[in-house]
Amino acid sequence: MLNDVSGIARLARAGRRAACLLMIAATPAWAQDQPAQTPQTREQGQSDSVPQTREDVIAGERADKVAQLWPERQNAMVDIANGLAERGLNEGLESGKGSNGIQMTLGGMREAQGMSVGVGYRRSDLFHEQLGVRGTARGTPSGAYMFDADVDFQGIRTDRTYLRWYTRYEHSPKLDYFGVGNDTSNANRTSYLYDDFSSDFNASFELVKGFHVGGTGGYFHAHTARSDEDGIIPIDEAFPADSLPGFAEDTKYTRVGVFAYYDSRDSHTGPRRGGLLVARYREYWDIDLKQFAFRQTEFEAQKYLPYFNRNHVLAVGGSVVLSFPKEANAVPMYLQPMLGGSDSLRGFVPYRFRDYHSLNLIAEHRWHAFSMLDMALFVDAAKVVPLKRDVVDVTGLHYSGGIGFRVRMRSAIVSRIDFAASSEGVRMSWTFSDILDPKF
């Protein structure tokens with residue numbers, strides 16, 4: 001009999017451990033850190049309530065006995081993993097910007113390279129909180145990887161100013177290429193290897209409430225080559241050289257620019273009200289080759305219209321990218337605006353269309369489904385063109401639409417799954433950012 005009882009106890013403990021691990025995956029760590037109610041705290045709470053009956057006392061004693069016989073335990077490794085995930089997830093939450101230590105990271109790399117997972121480390125209290133730093137290393141099963149570092153000069157930060165230095169190196173063994181233009185064929189797909197290194201300073205000043213102006217400047221280096229993908233024609237055999245500007249020609253740039261934005265959103269990570277207007281202008285100077293110098297202007301607008309007590313939101317957004325080569329230069333293929341994937345024309349594969357100029361429009365109807373989950377119906381319309389004057393012409397747009405699911409934590413959208421249909425089929429995308437997150 002004793003053996004049966006001890007066996008049942010062991011099974012119960014194992015069941016509780018398994019349930020705990022499952023709940024950790026679905027429950028925010030900050031929501032799990034509630035203190036357990038002990039017999040002492042129960043007695044303290046009961047002393048301030050109405051007198052107990054004898055049945056209540058007996059039931060309480062039985063519960064205390066069970067808690068002593070089968071105490072709740074959690075494996076120390078689960079606590080460690082939970083803490084790493086919490087700090088990494090909090091990086092995307094406005095209330096979690098001060099979290100320090102080792103982090104787990106998900107996403108943040110280029111599309112079509114597979115799910116990226118990595119580790120990071122953050123300190124926001126260096127030199128008496130004068131300096132904040134964060135670095136990450138990420139990778140995917142396909143062999144893509146990225147290293148980045150972000151330095152926040154907090155000592156000169158105020159409510160109206162900031163200065164940051166961001167450096168990144170990313171290796172992508174296979175990026176799809178379909179040619180240049182709005183009417184390329186899906187059957188012409190090939191791919192190329194792409195590596196880039198960038199290091200830029202960004203500074204901003206708030207002129208009036210919500211309106212910021214700033215400058216950016218730094219260095220950019222790109223490397224392209226054939227990919228090792230089997231079953232396709234190599235890119236430099238599938239397309240003539242004049243349709244592959246910058247391919248296999250390592251290019252080094254210095255780049256400088258200015259930007260301005262007006263932000264009235266109620267949240268930066270999952271807005272339900274307000275809007276955003278952004279403009280950026282940058283000059284790219286080709287240091288060595290003197291063949292690929294150009295300038296690029298980017299505009300973006302967003303608006304959020306809530307109704308039904310903010311449980312329903314109509315979110316609309318649009319962006320325009322204009323690229324202009326200098327004199328006899330060309331805009332390299334890897335810096336031309338591209339459409340397709342999880343952030344534009346979701347019914348098309350990533351990098352499906354590219355050219356010198358692009359127009360991208362998005363509309364979503366979002367509603368609160370239940371705790372931590374929003375749903376959305378959406379439609380996308382976009383195109384690329386070789387001439388600036390054709391951007392405002394609404395003909396030639398590609399369309400896609402579908403349904404999506406957004407996981408929310410506090411006010412932030414921390415994960416997004418979209419099912420989208422287009423003239424080229426149906427595809428699913430899963431990412432860790434809002435579709436309307438500013439692209440620059």
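This is a short walk through one protein model, from its overall make-up to its strands, salt bridges and a few single residues.

Keep in mind that the model is predicted. So much for the caveat. Let's start with the whole chain.

The protein has 440 residues, and 42% of them are buried. It contains seven helices and 18 strands. The accessible surface is about 23,100 Å². Carbon and sulfur atoms account for 61% of that surface. Now the contacts. Take those between residues at least 6 apart in sequence: 58% of them join residues at least 24 apart.

Next, the strands. I'll follow one run of pairings. Strand S9 covers 274-286, and strand S10 covers 294-307. S9 and S10 are antiparallel, with 11 bridges between them. One pair to look for is Leu-277 with its bridge partner Ala-301 in S10.

S10 then pairs with S11, again antiparallel, through 14 bridges. Here Glu-300 faces Ser-319 of S11. The S10 and S11 hairpin has four residues between its strands. Phe-308 in that hairpin has a positive phi, near 55°.

Keep going. Strand S11, residues 312-325, is joined to strand S14, residues 357-370. That pairing is antiparallel too, with 11 bridges. Leu-314 has His-365 of S14 as its bridge partner. His-365 also stands opposite Leu-377, in S15. That gives you a line to trace across three strands: Leu-314 to His-365, then His-365 to Leu-377.

S14 and S15 are antiparallel, with 13 bridges, and S15 spans residues 373-385. Their hairpin has two residues between the strands. Met-372 sits in that hairpin with a positive phi near 75°.

A general point while we are on strands. In a regular strand, side chains alternate between the two faces of the sheet.

Now the charges. How many salt bridges does a search of the whole structure find? The count is 31. Let me pick out three.

Asp-152 and Arg-157 are the first pair on my list. Their side chains form a salt bridge at 2.8 Å, N to O. Asp-152 counts as buried because its relative accessible area is 9%, under the 20% cut-off. Arg-157 is partly exposed, at 36%.

Next, Asp-236 and Arg-226. This salt bridge is also listed at 2.8 Å, N to O. Asp-236 belongs to helix H7, residues 235-238, and Arg-226 to strand S7, residues 211-226. The two residues are 10 apart in sequence. Asp-236 is partly exposed at 35% relative accessibility. Arg-226 is partly exposed as well, at 39%.

Then Arg-366 and Glu-364. Their closest N and O atoms are 2.8 Å apart, in a salt bridge. Both Arg-366 and Glu-364 are buried. The pair belongs to a network of salt bridges with shared partners. Its members are Asp-343, Arg-346, Glu-364, Arg-366, Asp-380, Arg-406, Arg-416, Asp-418 and Asp-434.

Let's zoom in on one member, Asp-418. Where does Asp-418 lie? It is in strand S17, residues 412-422. Is Asp-418 buried or exposed? Buried, because its relative accessibility is 0%. The Asp-418 side chain makes a polar contact of 3.2 Å with the side chain of Arg-346. Leaving out residues up to four places away in sequence, Asp-418 touches several others, including Phe-378, Ile-403, Gly-404, Phe-405 and Met-428.

Met-428 takes us to the surface. Together with Leu-106, Met-115, Val-117, Phe-419 and Trp-430, Met-428 makes a nonpolar surface patch of about 560 Å². Val-117 is in strand S2, residues 117-125. Val-117 is partly exposed, because its relative accessibility of 43% falls between the 20% and 50% cut-offs.

Last stop, Ala-293. Ala-293 is in the loop between S9 and S10. This loop residue is buried, with a relative accessible area of 11%. What does Ala-293 touch, not counting residues up to four places away in sequence? The contacts are Tyr-284, Asp-286, Pro-325, Lys-326, Asn-329 and Ala-330. Look also at Arg-255. Ala-293 and Arg-255 are 38 residues apart in sequence. In space, their C-alpha atoms are 9.8 Å apart.

To close, two places to revisit on screen. One is the salt-bridge network that includes Arg-366 and Asp-418. The other is the strand run, from S9 with S10, to S10 with S11, to S11 with S14, to S14 with S15.

Conventions:
Residues numbered from 1 in each chain as written. Predicted model: local features only at pLDDT ≥ 70, side-chain atom pairs only at ≥ 80, totals over all residues. Heavy atoms only, no water. Patch = residues over 30% accessible without salt bridge, like charges linked within 9 Å, V, L, I, M, F, W, Y side chains within 5 Å. Areas by Shrake-Rupley, 256 points an atom, 1.4 Å probe, with all protein chains shown as cover. Salt bridge = Lys/Arg side-chain N within 4 Å of Asp/Glu carboxyl O. Buried < 20%, exposed > 50% of the residue type's maximum accessible area, 1.4 Å probe, protein only. Contact = heavy atoms within 4.5 Å. Pairing = 2+ DSSP bridges. Polar contact = N/O pair within 3.5 Å; in protein donor to acceptor, adjacent residues only side chain to side chain.
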